[in-house]
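Q: Could you take me through one part of this model in close detail? I would like to see how that part fits in with what surrounds it.

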Amino acid sequence: MSSQKKVEINAILGEEFDRLLDRLGVRGEFEAGTYHCHICGDQVRANNVLLVLPLSENEVGFVCKKPGCIMSYKSNP
Ligand SMILES: [Zn+2]
């Protein structure tokens, strides 16, 4: 078991996604465009985010929907 918590949000949209961001405490920053893909560095928005990765207590990462990012995330999480 990895100690890193991973929350798959594939196909979770709208309110559920907002609730997840609220739970992680990052909704405001996310909506302001503060976050970038963990892999490619593109800005992540509600329409191109695939995964949310809680990195630590106060840190969260995102992976965008690009196939290349999904592949490298899966092969090298
Ligand atoms: Zn990406």
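A: Happily! In this predicted model, β2 and β3 form a hairpin, with 2 residues between the two strands. The strands, β2 at residues 49-56 and β3 at residues 59-64, pair in the antiparallel sense over 6 bridges. To put a pair of residues on that ladder, take Val-52, whose bridge partner in β3 is Phe-62.

Phe-62 is a good place to pause. Leaving aside residues up to four places away in sequence, Phe-62 touches Tyr-35, Cys-37, His-38, Val-44, Val-49, Leu-51 and Val-52. Phe-62 also belongs to the largest nonpolar core, which has 13 residues. Cys-37, Val-44, Phe-62, Val-63 and Cys-64 are the members that touch the most others in that core. The elements giving two or more residues to this core are β2 and β3, and β3 supplies the largest share, with 4 residues. As a general point, nonpolar side chains tend to be buried together in soluble globular proteins.

Now step back to the start of the hairpin. Asn-48 sits in the loop between α2 (27-31) and β2. Is Asn-48 buried or exposed? It falls in between: Asn-48 counts as partly exposed because 14 other C-beta atoms lie within 10 Å, while a buried residue needs 20 or more and an exposed one has 12 or fewer. Beyond its sequence neighbours up to four places away, Asn-48 touches Cys-64 and Lys-65. The C-alpha atoms of Asn-48 and Val-63 are 8.7 Å apart, although 15 residues separate the two along the chain.

How does the hairpin fit into the rest of the chain? There are 3 helices and 3 strands, running β-α-α-β-β-α from the N terminus. Helix α1 (residues 15-24) makes a contrast with the core: just 1 of its 10 residues is buried, so α1 lies largely in the open. After α1 comes Gly-25, with a positive phi near 75°. Over the whole chain of 77 residues, 17% are buried. Among contacts with a separation of 6 or more, 41% join residues 24 or more positions apart.

A word on confidence before you use the coordinates. The mean pLDDT of the chain is 81, and 81% of the residues reach 70 or more. Among the elements, α2 has the highest mean pLDDT, at 92, and β1 (residues 7-8) the lowest, at 54. Where pLDDT is low, the predicted coordinates should not be read in detail.

How values were computed. Residues numbered from 1 in each chain as written. Predicted model: local features only at pLDDT ≥ 70, side-chain atom pairs only at ≥ 80, totals over all residues. Contact = placed C-beta atoms within 7 Å. Pairing = 2+ DSSP bridges. Core = buried A, V, L, I, M, F, W, Y, C linked by C-beta atoms within 7 Å. pLDDT = per-residue confidence, 0-100.
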